[in-house]
Amino acid sequence: MGSLTQACSSSSSLAKSVFSLASSSPFLFTSRRKITRHYSSSFFRASTSPLASVCLDSKEVRSTDLVDLEYADLSLKYKISEEVGHVRIRQHVNPLSSSFSTPAPVPVWEEVYKDPSLPLMVDIGSGSGRFLLWLAKKNAESGNYLGLEIRQKLVKRANFWVNELGLSNAHFIFANAMVSFDQLISSYPGPLEFVSILCPDPHFKKRHHKRRVVQKPLVDSILKNLKPGGKIFVQSDVLDVAQDMRDQLDEEAKVLEHVDTVDTEEGWLRENPMGIRTEREIHAELEGARIYRRLYQKKILIDSLK
């Protein structure tokens, strides 16, 4: 990455912001570093990797460079096995296609995870898997991580990386979450503690809105399996999609509450509370787009305590 070789001045400073949530969940990070952008001159980025301060010429910077920098701690190998081959990403997939209508087989959880009794985080639409892999590596002993992805080659590559990293708390399944979520998660031995749906396919045309992942049946499945006190985190760089997800989750006010903190603006969270950005988030922010986020918590009802 030639654009990463330009040295930064030692006097450059990086602003930090803190996002705090009163939660003991292993799936929430309470702080992250804030990006400082100067698109007309230089791009300064705080990183969780040893490359703590990197200066990129804005004329050369590519979002792929920033993704590599964000996930440098993983040291992922791009050389993939012959079985996976070259991974070409199809950006938009129709989940209503008959080819995605068969439920994914339920794995033997004891073979998937070292300790299947640990709390589970599920990332719906896990993409390349880097986001989930980073979290799994950070929380190797406190939680399990499951990615559900509808593009099979991405799943194969993500599980290849799981093996390369030696992780015993991460796994990816080729699945249409709209079809398979309940069957998969209801079989998991431990509690479902966190669900994320981050920058899902927007399906802009109105006639295609039925293809959007957040639909009433999936919301019902998530709420059915989510433990009391468990959380749902959604975000999108497309306002219409974010509003659609928000409206559907707000309708479940009897069992869900919006986690309201001082870090909200117009009802959206200003910062990503997970400690790491998704790849789509990085691409969108480089283009100057705003990310719309909401965090929900399942209410602890009196009946559930009996």
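The following paragraphs describe the secondary structure, sheet, cores and helix packing of a predicted model.

The protein has nine helices and 14 strands. Of its 306 residues, 53% count as buried. Among contacts between residues at least 6 apart in sequence, 78% join residues at least 24 apart.

Seven of the strands form an open sheet with mixed pairing, in the order E8-E7-E6-E9-E10-E14-E11. The edges are taken by strand E8 (170–174) and strand E11 (256–258); each has a single partner strand, so one side of each is left without a neighbour in the sheet. On average, and with direction ignored, neighbouring strands of this sheet are turned by 20° against each other.

Within the sheet, strand E10 (residues 226–236) has E9 and E14 beside it in the strand order. Strand E9 (residues 192–198) and E10 run parallel and are joined by six bridges. In this pairing Leu192 stands opposite Leu226. With strand E14 (residues 292–298), E10 pairs in the antiparallel sense, again over six bridges. Ile232 stands opposite Tyr296 of E14, and Ser236 has Tyr292 of E14 as its bridge partner. Nine of the 11 residues of E10 are buried, so this strand is largely enclosed by the rest of the structure.

The largest nonpolar core holds 35 residues, of which Val122, Ile124, Leu146, Leu148, Phe181, Ile197 and Ile232 touch the most other members. Strands E6 (120–124), E7 (144–149), E9 and E10 each give two or more residues to this core, as do helices H2 (109–112), H5 (177–185), H6 (216–225) and H7 (239–250). When neighbours within four places in sequence are left aside, Val122 is in contact with Leu146, Leu148, Phe181, Ile185, Leu192, Phe194, Val195 and Ser196. Another core, of 34 residues, lies apart from the largest one and includes Ala136, Ala158, Phe160 and Ile282.

Helix H5 lies across E6, E7, E8 and E9 and runs at about 170° to E6. H5 also packs against H6, at an angle of about 15° and with the axes 9 Å apart. The two helices are therefore roughly parallel to each other, angles under 35 degrees being counted as such. Their crossing is left-handed. On the H5 side the contact involves Ala177, Phe181, Asp182 and Ile185, which meet Leu218, Ser221, Ile222, Lys224 and Asn225 in H6. Phe181 is thus found both in the contact with H6 and among the residues that touch the most other members of the largest core.

A second helix pair is formed by helix H1 (residues 63–70) and helix H8 (residues 279–286), whose axes come within 9 Å and cross at roughly 135°. That angle makes H1 oblique to H8. The crossing of H1 and H8 is right-handed. From H1, Ser63, Thr64, Leu66, Val67 and Glu70 meet Glu279, Ile282, His283 and Leu286 of H8. Ile282, a member of the 34-residue core, is one of the H8 residues in this contact.

Helix H3 (residues 130–138) has seven of its nine residues buried, so it is largely enclosed by the rest of the structure. The buried residues are Arg130, Phe131, Leu132, Leu133, Trp134, Leu135 and Ala136. Ala136 is also among the members of the 34-residue core.

Two residues other than glycine have a positive phi. For Ser75 the value is near 50°, and for Cys199 it is about 50°. Ser75 lies in the loop between H1 and H2, whereas Cys199 lies in the loop between E9 and H6. Ser75 counts as exposed, at 58% relative accessibility. Cys199, with a relative accessible area of 15%, is buried, as the limit for this class is under 20%.

Definitions and conventions
Residues numbered from 1 in each chain as written. Predicted model: local features only at pLDDT ≥ 70, side-chain atom pairs only at ≥ 80, totals over all residues. Heavy atoms only, no water. Buried < 20%, exposed > 50% of the residue type's maximum accessible area, 1.4 Å probe, protein only. Helix = DSSP H or I, 4+ residues; strand = E, 2+ residues; numbered from the N terminus. Pairing = 2+ DSSP bridges. Core = buried A, V, L, I, M, F, W, Y, C linked by side-chain atoms within 4.5 Å. Contact = heavy atoms within 4.5 Å. Axes fitted to C-alpha atoms, helices over the stretch in contact; angles between N-to-C directions. Parallel < 35°, antiparallel > 145°, perpendicular 65-115°, else oblique. Left-handed = near helix turned anticlockwise from the far one by under 90°.
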